[in-house]
There are 4 protein chains.
Amino acid sequence: MAVHHFQPDAYKNTIGQHPPVLHIADGDTVITSTVDARGWDRSGEAAANRGNPMTGPFYVEGAMPGDTLEVRLEAMTPNRPWGWTSNMLAPHVVNPHAAAALPPSELARWTVDTVEGTAALEAPTSGLERLKLEVRPFLGCFGVAPPKEQSISTATSGEYGGNMDYKGFVEGVSAYFPVFAEGALFHLGDGHALQGCGEIVGTGIEISLDVRFSVRVIKGRTIGWPRGESPTHLFTVGNARPLDQALQHATTEMLTLLREDYGLAVSEASMLLGVAVEYEIANVFNPAYSVVCKLSKEVLSSLS
Amino acid sequence: MAVHHFQPDAYKNTIGQHPPVLHIADGDTVITSTVDARGWDRSGEAAANRGNPMTGPFYVEGAMPGDTLEVRLEAMTPNRPWGWTSNMLAPHVVNPHAAAALPPSELARWTVDTVEGTAALEAPTSGLERLKLEVRPFLGCFGVAPPKEQSISTATSGEYGGNMDYKGFVEGVSAYFPVFAEGALFHLGDGHALQGCGEIVGTGIEISLDVRFSVRVIKGRTIGWPRGESPTHLFTVGNARPLDQALQHATTEMLTLLREDYGLAVSEASMLLGVAVEYEIANVFNPAYSVVCKLSKEVLSSLS
Amino acid sequence: MAVHHFQPDAYKNTIGQHPPVLHIADGDTVITSTVDARGWDRSGEAAANRGNPMTGPFYVEGAMPGDTLEVRLEAMTPNRPWGWTSNMLAPHVVNPHAAAALPPSELARWTVDTVEGTAALEAPTSGLERLKLEVRPFLGCFGVAPPKEQSISTATSGEYGGNMDYKGFVEGVSAYFPVFAEGALFHLGDGHALQGCGEIVGTGIEISLDVRFSVRVIKGRTIGWPRGESPTHLFTVGNARPLDQALQHATTEMLTLLREDYGLAVSEASMLLGVAVEYEIANVFNPAYSVVCKLSKEVLSSLS
Amino acid sequence: MAVHHFQPDAYKNTIGQHPPVLHIADGDTVITSTVDARGWDRSGEAAANRGNPMTGPFYVEGAMPGDTLEVRLEAMTPNRPWGWTSNMLAPHVVNPHAAAALPPSELARWTVDTVEGTAALEAPTSGLERLKLEVRPFLGCFGVAPPKEQSISTATSGEYGGNMDYKGFVEGVSAYFPVFAEGALFHLGDGHALQGCGEIVGTGIEISLDVRFSVRVIKGRTIGWPRGESPTHLFTVGNARPLDQALQHATTEMLTLLREDYGLAVSEASMLLGVAVEYEIANVFNPAYSVVCKLSKEVLSSLS
């Protein structure tokens with residue numbers, strides 16, 4: 001269970017079967033870093049092309065199509081004292097007539113105090129002068145090589161993960177991906193210091209990160225969509241447009257989880273979800289939207 | 001500020017400009033009851049036609065089109081010891097192919113212990129034998145007479161409220177509705193003892209309730225969609241299909257709230273929402289879906 | 001089989017169980033007129049409130065819930081020499097970013113030459129100076145009282161018909177509606193001299209019409225959605241948002257038609273539709289969109 | 001302007017920057033063949049992996065990013081006497097409850113008489129015994145390498161073309177694609193002998209084809225989405241889910257065409273589309289749906 005230090009010097013703007021940057025073993029840990037969505041690194045230098053440049057891919061020994069890759073997000077720390085957001089709602093998250101009244105989007109810079117763990121606008125106008133929020137860093141875009149030898153833009157997402165922009169993928173959470181290619185080929189990037197639901201301005205507070213993660217191969221275990229486990233919840237992620245279909249994927253995957261892992265009959269799973277399911281709208285901005293279907297471990301502990 | 005005790009003996013299956021059952025003054029409190037979605041009352045007797053029969057409408061003196069009606073939900077208490085749910089996911093919340101494998105839906109009865117405040121299946125199969133959850137009673141369907149003298153089925157919802165099935169409309173929350181008709185004409189019903197997000201089996205734990213609410217007319221204050229205030233959040237509700245459009249309505253209304261009530265510029269409101277907005281999927285079952293857009297009061301307290 | 005001449009002097013802006021303006025027998029013909037979408041009549045006078053004011057309702061003797069009402073559209077003739085349209089695409093029919101660049105909509109007047117049967121802009125700018133098109137008058141909004149004693153705005157549509165804005169409902173076509181109320185209660189209005197698919201500027205060429213129609217009650221015949229028969233096609237209409245759901249309703253109704261009227265097995269109906277179905281997007285503007293599912297009579301003639 | 005005869009012996013299941021099989025010059029003609037969606041060739045042998053295997057890519061000399069590639073479809077002829085379809089509606093084109101009643105899909109074989117130009121089921125059940133339809137062969141999936149060096153499954157489509165399954169791409173039509181990679185890299189396959197709108201059983205009559213096409217590079221001409229020209233119409237294609245978004249893309253592209261090629265102001269283009277636009281639902285089955293926005297040349301001839 002080695003610990004690898006990997007300093008990237010090139011980045012990918014698609015997720016696919018690219019030559020791996022490092023081979024790691026099942027159980028290993030990697031300490032690395034990611035540049036932000038525009039390719040700006042810890043020094044604020046342009047280190048990669050814009051559009052969610054990825055660190056990786058990492059080849060995980062033993063991972064084969066049909067397996068599941070667990071990625072434990074052990075630490076994600078902003079490695080520079082500022083990030084940026086768009087300053088305008090995406091036109092499609094408001095009514096078409098309201099959208100027509102939105103000014104063009106510009107970038108706004110935020111000061112990120114990594115000691116205090118807070119973010120505030122660098123040059124706020126009067127209405128937001130006192131706004132200071134706790135950061136909650138997470139990876140906006142990460143996943144494994146997609147099925148059918150595809151290489152897919154890091155703008156979007158699918159069964160393989162990708163640009164889900166789910167604010168719940170924070171430190172302490174494990175993500176699970178279906179493996180479609182030998183070695184799984186894990187990519188990561190697009191760090192956000194903080195974001196609300198839906199990524200409705202088209203960005204979180206975009207920032208470069210230092211990341212530590214470890215991997216585990218679950219042999220012979222096949223899942224359909226990304227899953228996750230936090231200290232309090234199990235969850236599944238569906239990625240598609242429109243929201244209705246993203247929700248269908250996430251709910252179907254949770255139904256599978258309840259049947260396979262908890263042995264519930266479909267009516268039992270239905271009734272449980274009917275009274276206890278929680279949804280989060282992870283992103284309603286990217287080409288594929290993302291909906292998260294969650295059950296609390298407290299509720300799950302009453303099963304079996 | 002009178003307190004009215006109103007015992008309904010007839011119910012409406014549409015929300016519209018029906019003759020009022022009671023005239024009440026601005027500030028008054030009403031203590032009344034609702035039957036469940038199938039019209040079953042506290043005794044389990046069929047007291048009304050199925051399809052979310054409504055208690056009311058209540059005519060609120062002084063409420064005129066263009067005003068806002070606040071309804072403070074002071075108490076909602078199950079008035080019988082059992083409720084019921086469907087036992088099967090709605091086919092459109094899972095993938096079409098998974099939907100084809102779902103058995104037909106049947107009703108399941110739940111024991112509701114109103115002293116302990118818990119719900120459990122009456123005759124659970126083995127997988128759910130130990131499932132017991134805290135109840136969180138709320139009104140699934142309530143609102144005011146719709147615009148343009150329409151009478152609309154209690155199956156659906158709109159700017160006037162209606163069948164939103166939002167599990168956040170619990171005791172201690174205030175709901176706000178735009179007034180479209182003289183007297184507002186407030187209707188209520190469809191109590192749920194407990195429900196997850198989305199009402200994805202098509203029901204909560206359906207139950208009859210004792211309800212106490214008070215009303216307040218906010219003269220000359222015009223809102224576009226239902227709003228609410230809980231101890232921790234302000235929120236807006238958008239009702240439409242598909243989810244994308246429900247989200248647009250809710251977000252647009254929140255943008256309006258931030259501009260009108262907090263004086264934010266559109267870019268300020270956008271940046272605030274970008275880092276702090278929360279969404280809930282209230283229902284993804286009814287003809288109109290409902291999405292809730294929320295901001296915590298803690299965040300809002302940093303404004304101005 | 002009487003012929004009734006009915007001159008309206010009041011109009012309804014909802015479709016519902018309003019007191020009938022005339023009782024007619026099964027088989028009767030009615031000669032009447034409709035005002036345009038803003039309530040402007042043959043003289044250009046404001047004769048009704050804006051928002052698709054309806055002529056009617058007409059009570060058809062013998063029509064009972066569960067029956068089908070056939071309305072044969074025998075003649076629709078503009079009764080004034082001008083109409084109007086919006087001059088701007090609806091923001092939601094283009095990409096959100098393109099929508100932001102659309103100027104506000106204004107009304108444009110069209111000269112309608114009822115002798116020649118053509119329409120041209122009254123004051124065209126240079127690009128459209130030579131544009132002259134054949135008119136094809138049709139009813140944008142018509143239908144019967146909705147289920148459950150609802151009264152629904154003429155802005156929208158449903159199983160009962162309503163504001164479908166389908167350019168195929170021209171002279172010589174029969175429309176079929178499910179009957180939900182005693183007497184069916186047929187309403188009509190919102191004449192268009194001409195319109196493309198989708199009503200994507202939010203209007204056709206809006207105009208007042210002289211209309212002749214006849215009715216027929218099909219006892220004991222229950223349909224789920226509006227249907228139609230033209231000289232060349234049978235068709236079904238689905239009304240809902242989004243387009244995907246409107247298409248589902250229309251396709252489901254066509255499947256029912258093929259099974260009930262042609263005795264096809266579901267696989268036979270599927271294969272036939274797979275190679276021969278035609279869809280039209282009737283409207284993508286109103287609160288409920290409308291999709292038409294068509295089969296040519298030539299194809300249908302090869303069955304049985 | 002050479003004529004190339006190219007006999008493929010390997011096929012691609014993604015559209016991307018694969019090594020070209022042939023370099024051709026601007027203006028050249030290619031005579032080649034395609035296998036069917038499952039990889040079955042003219043002999044019925046499995047010549048490629050299932051999932052719309054592509055012939056190509058063809059590298060077109062001189063085509064550079066920012067240009068447009070015209071592909072003139074000169075001839076498409078079934079090269080074997082049979083094809084196949086699914087025999088069941090896709091579950092998502094009918095109502096969720098109707099979907100639950102659909103039996104599983106099976107393949108049905110059709111006899112394709114290439115002399116007579118007709119198709120009929122090989123072993124029809126009684127309801128379809130007399131069904132015989134004229135074939136109208138077209139390419140279901142074709143296009144150029146996508147942007148950003150992506151390789152994308154031939155199951156779906158985008159700005160680069162792909163699996164649009166539009167029954168209008170028949171002999172005599174020119175298709176236009178935006179060029180994203182040097183040489184454009186044109187792929188083609190997935191021939192259909194006949195199909196209705198929407199590909200609602202998930203297939204057309206799938207068949208292998210002999211194809212003759214010629215290419216033309218339009219230097220410095222940038223388009224956003226695939227376009228086409230038939231003897232009677234100009235059209236644009238939008239590919240996305242849901243249908244609403246596919247329609248937005250197609251309409252936006254037509255608006256651009258009217259402004260750039262006909263010099264219309266946005267209000268002129270709007271009014272023209274309002275009275276004259278036609279839509280076709282090309283496919284409502286694939287991961288991205290396809291909507292076609294059309295204007296007749298007769299209408300267009302009245303401009304300028």
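**Two interfaces of chain D in a predicted model**

Between chain C and chain D the count of salt bridges is zero, although these two chains share a contact to which chain C brings 61 residues and chain D brings 61 residues. The structure described here is a predicted model, and every value in the text was computed from it. Polar contacts, in contrast to salt bridges, do occur across the interface of chain C and chain D, where 22 residue pairs are found with both partners at pLDDT 80 or more. Several elements of chain C give two or more residues to the side that touches chain D, namely strand S7 (82-86), helix H1 (96-99), strand S8 (107-113), H2, helix H3 (266-276) and strand S20 (278-283). Of the contributors to this side of chain C, H3(C) gives the most, with 10 residues. When the residues on the side of chain C that touches chain D are sorted by class, 37 are nonpolar, 20 are polar and four are charged.

The size of an interface is often given as the accessible area lost when the parts come together. By this description, chain C and chain D bury about 5100 Å² between them, and carbon and sulfur atoms account for 66% of that area.

The arrangement of these two chains was examined next. Chain C is superposed on chain D by a rotation of 180° with 0.0 Å of shift along the axis, and the RMSD of this superposition is 0.0 Å. Such a relation is that of a two-fold axis. In chain C, the C-alpha nearest the axis belongs to Leu243(C), and this atom is 3.0 Å from the axis. Since 100% of the interface residues of chain C are also interface residues in chain D, the copies meet through the same surface.

Leu243(C) also takes part in a contact between two helices, one from each chain. Two packed helices are described by the angle between their axes and the distance between the axes. Helix H2 (residues 243-262) of chain C packs against helix H2 (residues 243-262) of chain D at an angle of about 115°, and the two axes are 7 Å apart. On the side of H2(C) the contact is made by Leu243(C), Asp244(C) and Leu247(C), while on the side of H2(D) it is made by Leu243(D), Asp244(D) and Leu247(D). By class, the residues of this contact of H2(C) with H2(D) comprise four nonpolar and two charged residues, with no polar residue among them.

Chain D also meets chain A, in a contact that takes 10 residues from chain A and 10 residues from chain D. The area buried between chain A and chain D is about 840 Å², and 49% of it comes from carbon and sulfur atoms. Across this interface of chain A and chain D, zero salt bridges are found, whereas five residue pairs are in polar contact, both residues of each pair being at pLDDT 80 or more. The side of chain A that touches chain D consists of two nonpolar, five polar and three charged residues. Chain A, too, is superposed on chain D by a rotation of 180° with 0.0 Å of shift along the axis, at an RMSD of 0.0 Å. The C-alpha of chain A nearest this axis is that of Ser151(A), at 2.4 Å from it. The same surface serves both copies, as 100% of the contact residues of chain A recur in chain D.

Although neither the interface of chain C and chain D nor that of chain A and chain D holds a salt bridge, the structure holds 52 salt bridges over all chains. One of these joins the side chains of Asp261(A) and Arg221(A), with a distance of 2.7 Å from N to O. This pair links distant parts of the chain, 40 residues apart, with Asp261(A) in helix H2 (residues 243-262) of chain A and Arg221(A) in the loop between strand S17 (209-218) and strand S18 (227-229) of chain A.

Some features of the backbone remain to be described. In chain B, the peptide bond from Arg241(B) to Pro242(B) is cis, with omega near -10°, and Pro242(B) is found in the loop between strand S19 (233-240) and helix H2 (243-262). In chain C, the peptide bond from Arg241(C) to Pro242(C) is cis, with omega near -10°, and Pro242(C) is located in the loop between strand S19 (233-240) and H2 of chain C. In chain A, phi of Asp165(A) is near 50°, which is a positive value in a residue other than glycine. Asp165(A) lies in the loop between strand S14 (161-163) and strand S15 (174-178) of chain A.

How values were computed. Residues are numbered from 1 along each chain as its sequence is written. Chains are lettered from A and ligands numbered from 1 in the order in which they are written. This is a predicted model: local features need pLDDT of at least 70, side-chain atom pairs count only at pLDDT 80 or more; totals for chains, interfaces and linings use all residues. Side-chain values use heavy atoms; hydrogens and water are left out. Copies are superposed by least squares on the C-alpha atoms of residues with pLDDT of at least 70 in both. Contact means heavy atoms within 4.5 Å. Buried area is the accessible area (1.4 Å probe) that two parts lose on being put together, summed over both. A salt bridge is a side-chain nitrogen of Lys or Arg within 4 Å of a carboxyl oxygen of Asp or Glu. A polar contact is a pair of N or O atoms within 3.5 Å; within protein, one must be able to donate a hydrogen and the other to accept it, and residues adjacent in sequence count only if both atoms are side-chain atoms. Ala, Val, Leu, Ile, Met, Phe, Trp, Tyr, Cys and Pro count as nonpolar, Asp, Glu, Lys and Arg as charged, and the others, Gly among them, as polar. Axes are lines fitted to C-alpha atoms, for helices over the stretch in contact, and angles run from 0 to 180 degrees between N-to-C directions. Helices (H or I, at least four residues) and strands (E, at least two) are DSSP runs, numbered from the N terminus.
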